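Work through the following exercises with the sequence and the model open. Each task is followed by a solution in steps.

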Amino acid sequence: MASEANMADETNNNEATELVGDHVETVDVSKHPDPSIPVTDLSLADIERRQSHPVPWAVFIVAVLAAIIAPYWLGRSLAVGHTQWLITHLNLFTPRGVAFVSWTVTLTTFTGLGLAVVESRNWLWRIVFVVGLAAEQFIAGLSLLKLNFWYSTYVVYGDSARLPNAANLGIIAAGVGVAVYAVVWVGLLILIKKGSPLNVLTRSWASFILFFAIETAALLIVLFGGLLTAV
């Protein structure tokens, strides 16, 4: 009876007797009167299956594929079938303006993708990514983007090829900026020790600043580095 009284007292006082080192001591223990996980007959696999939401993900994948294929095809069809109409309207812009627009659209696409990975539960950034990807692919189709795009644009657009070339350079600049950022970011994660004061450079806000700084540098190289007149 005495033992049962002691146990009840320990339960009420949220204390227990333990062997600490070579001495017996009374220590505090955590007390959870209500279970934090509800009782259920579902297995862990059943719970994960209910939380997976396969239908929205399937729709998202289909939307990404459609954003890659359809806008590029449409832009390329316009470039080949309505060349003179495009030249008339594109001549309203300057090469630097076209390069800036294509860089901005591509940057928005990559930013939406990055934030969709970071904020995986927020579908807003996935929508931004898909819309930006569709716009970027449409511009790429209009400007006949590929590795040696300057030959294709000259064949189709003739002396007005400087404008689609500028659009291609804007897209490429944003892509190169992402590649450089990825290399620099991984290098920082590898080289900087956890206790170093420079570890602040690996924070999320520092990462975004670094990303936009590199992208801005890539844009400035295209706009003022002579590339717009070289192709």
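A residue is called buried when its relative accessible area is under 20%. The model used here is predicted.

**Exercise 1. Overall make-up**

Task: State how many helices and strands the chain has, give their order, and find what share of the residues is buried.

Solution:
- Step 1. Counting elements gives ten helices and two strands.
- Step 2. Along the sequence they follow the pattern α-β-β-α-α-α-α-α-α-α-α-α.
- Step 3. With the cut-off above, buried residues account for 29% of the 231 residues in the chain.
- Step 4. Take the contacts between residues at least 6 apart in sequence; 64% of them join residues at least 24 apart.

**Exercise 2. The pair H3 and H6**

Task: Determine how helix H3 is oriented against helix H6, and describe their contact by residue class.

Solution:
- Step 1. Locate the helices: H3 covers residues 54-81 and H6 covers residues 123-142.
- Step 2. Their axes lie 6 Å apart, at an angle of about 20°.
- Step 3. Angles under 35 degrees count as roughly parallel, so H3 and H6 are roughly parallel to each other.
- Step 4. The crossing of H3 past H6 is right-handed.
- Step 5. Sorted by class, the contact of H3 with H6 holds 20 nonpolar, three polar and two charged residues.

**Exercise 3. Gln 137**

Task: Decide whether Gln 137 is buried or exposed, and list its contacts beyond four places in sequence.

Solution:
- Step 1. Gln 137 is found in helix H6.
- Step 2. Its relative accessible area is 14%. The cut-off for buried is under 20%, so Gln 137 is buried.
- Step 3. Once residues up to four places away in sequence are set aside, Gln 137 touches Ala 67, Ile 68, Pro 71 and Tyr 72.

**Exercise 4. The nonpolar cores**

Task: Identify which residues touch the most other members of the largest nonpolar core, and which helix gives the most to this core.

Solution:
- Step 1. The largest nonpolar core has 24 residues, of which Ala 99, Trp 103, Val 222 and Leu 228 touch the most other members.
- Step 2. At least two residues of this core come from each of helix H5 (95-118), H6, helix H8 (162-191) and helix H9 (204-224).
- Step 3. H8 gives the most, with nine residues.
- Step 4. Follow Ala 99: leaving aside neighbours within four places in sequence, Ala 99 is in contact with Ala 166, Gly 170, Val 222, Leu 223 and Leu 228.
- Step 5. A second, separate core has seven residues, including Ala 79, Ile 87, Leu 142 and Tyr 157.

Conventions: Residues numbered from 1 in each chain as written. Predicted model: local features only at pLDDT ≥ 70, side-chain atom pairs only at ≥ 80, totals over all residues. Heavy atoms only, no water. Axes fitted to C-alpha atoms, helices over the stretch in contact; angles between N-to-C directions. Helix = DSSP H or I, 4+ residues; strand = E, 2+ residues; numbered from the N terminus. Parallel < 35°, antiparallel > 145°, perpendicular 65-115°, else oblique. Left-handed = near helix turned anticlockwise from the far one by under 90°. Nonpolar A, V, L, I, M, F, W, Y, C, P; charged D, E, K, R; others polar. Core = buried A, V, L, I, M, F, W, Y, C linked by side-chain atoms within 4.5 Å. Buried < 20%, exposed > 50% of the residue type's maximum accessible area, 1.4 Å probe, protein only. Contact = heavy atoms within 4.5 Å.
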